[in-house]
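Me: Hey, can you walk me through a protein model I'm looking at? I'm new to this, so plain words please.

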Amino acid sequence: MRALLRLLRTGAPAAACLRLGTSAGTGPRRAMALYHTEERGQPCSQNYRLFFKDVTGHYISPFHDIPLKVNSKEENGIPTKKARNDEYENLFNMIVEIPRWTNAKMEIATEEPLNPIKQYVKDGKLRYVANIFPYKGYIWNYGTLPQTWEDPREKDKSTNCFGDNDPIDVCEIGSKILSCGEVIHVKILGILALIDEGETDWKLIAINVNDPEASKFHDIDDVEKFKPGYLEATLNWFRLYKVPDGKPENQFAFNGEFKNKAFALEVIKSTHQCWKALLMKKCNGGAINCTNVQISDSPFRCTQEEARSLVESVLSSPNKESNEEEQVWHFLGK
């Protein structure tokens, strides 16, 4: 069983639980050079964590320390590949949590120090999303924008619902299968307002600026034009993905209408302001862990040495054979 598990972990993408940002793919990823990841624990286990480091090798929080917007200084003042000059202001950093066609629900651990990526646990079990026919797992590269937060105590004026207490989600629609932990530059195209159990759960639609087709996409209408059926599939996926777990269909604000880029940018701006208030201790963040390394005026800032100590305190425990057997069945899709 152990040998089979090891084989599956190094096998084809269809059998993999997740793709790791430290060993992902080929070709240029200019944003990835600025950030690296480090694993702790065993993949597909409850003790697995994926920590982030900056270009100097120091631990950081992906939630708080990676900038929301692409910094021109990091790119020597040159717009990222394939991004038009007039769209430079529309470039954002995206943290990939879940690669397309995978089922493991990976997410930034918002309540843990330095906010590593982990697999979501519900009722004591690792969570895997069901396949929504005819698709396998998530139908986009799924992730989040750093330095954003949907405040659960602030009612959204357009949806009349409170936030879901997470960074804002992103569905990246490019042609490449990305990897868990990658940090990429994306163009925002539009947004969908999912109402998840009474909470506003915004879903941004974006494309990797290094995607071969990125130059075609400038706003939400281009998605229907160049990828017909993708938006409809996205709406249906979010409507149904919890039904196999015995929950009702999800609802949407605006009758499921995708809003355009301008609307989406305003939502991003609002969630960024909520994050600023959170990091400056100007609002009640509840269990959210705001530990960061690079936000100079934040009361939650820690030193590089303290950050290293936090990571070193994360101990890996050996998995039991029964747990490994369960992981194999997930790999096999059973």
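Me: How far apart are the end C-alpha atoms of helix α4, and what span should its 19 residues give?
Reply: This is a predicted model. In it, α4 covers residues 261–279, and at 1.5 Å a residue it should span 27 Å. The end C-alpha atoms are 27 Å apart, so that agrees.

Me: Cool. Which residues of α4 are buried?
Reply: They are K261, A264, V267, I268, T271, H272, C274, W275, L278 and L279. Looking down the axis of α4, these buried residues fall within an arc of 160°, so they line one face of the helix. It helps to know that an α-helix has 3.6 residues a turn, so residues three or four places apart point the same way.

Me: And what does the face turned away from the buried side carry?
Reply: That face of α4 has the exposed residues E266 and K269.

Me: What covers the buried residues, then?
Reply: The cover includes the strands β4 (91–98), β11 (183–196), β12 (199–208) and β14 (259–260).

Me: What's going on at the start of α4?
Reply: There, a side-chain oxygen of N260 comes to within 3.3 Å of the backbone nitrogen of A262. As for what follows α4, that's K281, with a positive phi near 60°.

Me: New topic: where is T159?
Reply: T159 sits in the loop between β9 (141–144) and β10 (169–172).

Me: Is T159 buried or exposed?
Reply: Buried, because its relative accessibility is 11% and the cut-off is under 20%.

Me: Which residues is T159 in contact with, leaving aside neighbours within four places in sequence?
Reply: A193, I195, T200, W202 and A253. With T200 there's also a polar contact of 2.6 Å between the two side chains.

Definitions and conventions:
Residues are numbered from 1 along each chain as its sequence is written. This is a predicted model: local features need pLDDT of at least 70, side-chain atom pairs count only at pLDDT 80 or more; totals for chains, interfaces and linings use all residues. Side-chain values use heavy atoms; hydrogens and water are left out. Helices (H or I, at least four residues) and strands (E, at least two) are DSSP runs, numbered from the N terminus. The expected span of a helix is 1.5 Å times one less than its number of residues. Buried means under 20% relative accessible area, exposed over 50%, partly exposed in between (1.4 Å probe, protein chains only). The arc is that of the directions from the helix axis to the C-beta atoms. Contact means heavy atoms within 4.5 Å. A polar contact is a pair of N or O atoms within 3.5 Å; within protein, one must be able to donate a hydrogen and the other to accept it, and residues adjacent in sequence count only if both atoms are side-chain atoms.
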